[in-house]
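User: Please take me through this structure with short questions and answers. Start with the terms.

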Amino acid sequence: MDKFPLTLEGRPTGELTTEREGLYTCFSARCPLPEGLWCAWAVGEGGELRLGVLEPEGTQGVIQRRFSGRLTAPLGRLLRGEIRPAGAKEPEIWAPAPFPDRLFRAPWLRQRLKDIQGAQTRQGGALRYLALPYEKGKPFPLTTLFCFARLRQIGEGTYVVYAFDGQERPVF
């Protein structure tokens with residue numbers, strides 16, 4: 001069993017424990033429960049994983065969840081747990097990427113991104129997000145990675161968003 005601090009706004013408030021069970025990792029979080037609805041998060045070097053809403057148990061908030069290795073692998077080495085207000089989202093600040101091919105070192109990715117116009121990018125933890133313009137009826141951007149794509153609105157436009165880890169591997 002491994003133990004990590006559970007923080008609220010950067011200050012330790014409780015404890016997050018993890019334990020491997022075969023192909024799964026079990027997370028258990030406990031802390032004094034502030035007023036309102038709060039979610040527990042696991043924060044690693046490579047990303048974050050929302051564990052879920054803390055349940056009241058007396059004056060404590062608790063949660064126990066089990067996730068597969070496929071969902072926990074993008075975290076990388078676990079650093080800490082955090083509690084955040086339920087429904088709170090990380091602010092997304094997108095920047096234009098006039099030459100998206102220059103954001104990556106991998107030749108196969110650079111080749112597929114060459115000459116794409118209107119791309120945007122942002123950094124989220126250790127992940128780089130790349131948003132490519134999408135128009136219905138036109139070829140899907142980065143077709144080879146379609147299963148990693150998420151279609152969404154950014155500002156007034158529709159984009160296909162991909163996430164890449166530090167080794168430029170696509171992440172779900």
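Analyst: Two strands pair if DSSP finds at least two bridges between them. Helices (H or I, at least four residues) and strands (E, at least two) are DSSP runs, numbered from the N terminus. This is a predicted model, where local features need pLDDT of at least 70 and side-chain atom pairs count only at pLDDT 80 or more, while totals for chains, interfaces and linings use all residues. Residues are numbered from 1 along each chain as its sequence is written, and side-chain values use heavy atoms, with hydrogens and water left out.

User: How many helices and strands does the protein have?

Analyst: The C-alpha atoms fill a box of roughly 55 × 35 × 25 Å along the principal axes. Within the protein, the count is 2 helices and 14 strands.

User: What percentage of the 172 residues in the protein is buried?

Analyst: Buried means under 20% relative accessible area, exposed over 50%, and partly exposed in between (1.4 Å probe, protein chains only). For the 172 residues of the protein, the buried share is 40%.

User: What share of the contacts with a separation of 6 or more is between residues 24 or more positions apart?

Analyst: A contact means heavy atoms within 4.5 Å. Of the contacts with a separation of 6 or more, pairs 24 or more positions apart make up 54%.

User: Which residues have the most contacts inside the largest nonpolar core?

Analyst: A nonpolar core is a set of buried Ala, Val, Leu, Ile, Met, Phe, Trp, Tyr and Cys residues joined through side-chain atoms within 4.5 Å. The largest one has 18 residues. At least two of its residues come from each of β1 (2-8), β3 (24-32), β4 (38-44), β5 (48-53), β7 (60-68) and β8 (78-85). The most contacts inside this core belong to Phe27 and Leu51.

User: Which residues does Leu51 contact, leaving aside neighbours within four places in sequence?

Analyst: Leu51 is one of the two residues with the most contacts inside the largest core. With sequence neighbours within four places set aside, its partners are Leu16, Phe27, Ala40, Trp41, Ala42, Ile63, Arg65 and Phe67.

User: How many residues are in the second, separate core?

Analyst: Members of this second core include Leu113, Ala119, Leu130 and Tyr162. Its size is 14 residues.

User: Is Thr7 buried or exposed?

Analyst: Thr7 sits in strand β1. Beyond four places in sequence, Thr7 touches Pro12, Thr13, Arg80, Gly81, Glu82 and Ile83. Its relative accessibility is 8%, so Thr7 counts as buried.

User: How many residues of β4 are buried?

Analyst: Take the two faces of β4 in turn. On one side, Trp38, Ala40, Ala42 and Gly44 are buried, and on the other Cys39, Trp41 and Val43 are too. The tally for β4 is 7 of 7.

User: Which residue in β8 is the bridge partner of Ala40?

Analyst: β4 and β8 run antiparallel and are joined by 7 bridges. In β8, Ala40 is partnered by Ile83.

User: Which residue in β5 stands opposite Cys39?

Analyst: β4 and β5 form a hairpin with 3 residues between them. The pairing is antiparallel, over 5 bridges. Opposite Cys39 in β5 stands Val53.

User: Why is strand β11 described as largely enclosed by the rest of the structure?

Analyst: Strand β11 spans residues 127-133. It is largely enclosed because its buried residues number 5 of 7.

User: Which residue in the turn between β10 and β11 has a positive phi?

Analyst: β10 (residues 120-124) and β11 run antiparallel, with 5 bridges between them. Gln123 stands opposite Arg128. The two strands form a hairpin with 2 residues between them. The positive phi, about 65°, belongs to Gly125.

User: Which residue in β13 is the bridge partner of Arg128?

Analyst: β11 also pairs with β13 (residues 157-164), antiparallel over 6 bridges. In β13, Arg128 is partnered by Phe164.

User: What is the volume of the largest pocket?

Analyst: On a 1 Å grid over the protein atoms alone, a pocket is an open set of points where a 1.4 Å probe fits, with protein on both sides within 12 Å along at least five of seven lines; lining residues have an atom within 4 Å of a point. Grid points are joined across faces, edges and corners, and a volume is the space filled by probe spheres set on the points. The lining has 44 residues, with Glu48, Leu127, Tyr129, Arg150 and Phe172 nearest the centre. The volume is about 1300 Å³.

User: Which strand gives the most to the lining of the second largest pocket?

Analyst: This pocket has a volume of about 200 Å³. β1, β2 (11-21) and β3 each supply at least two lining residues. With 3 residues, the top contributor is β2.
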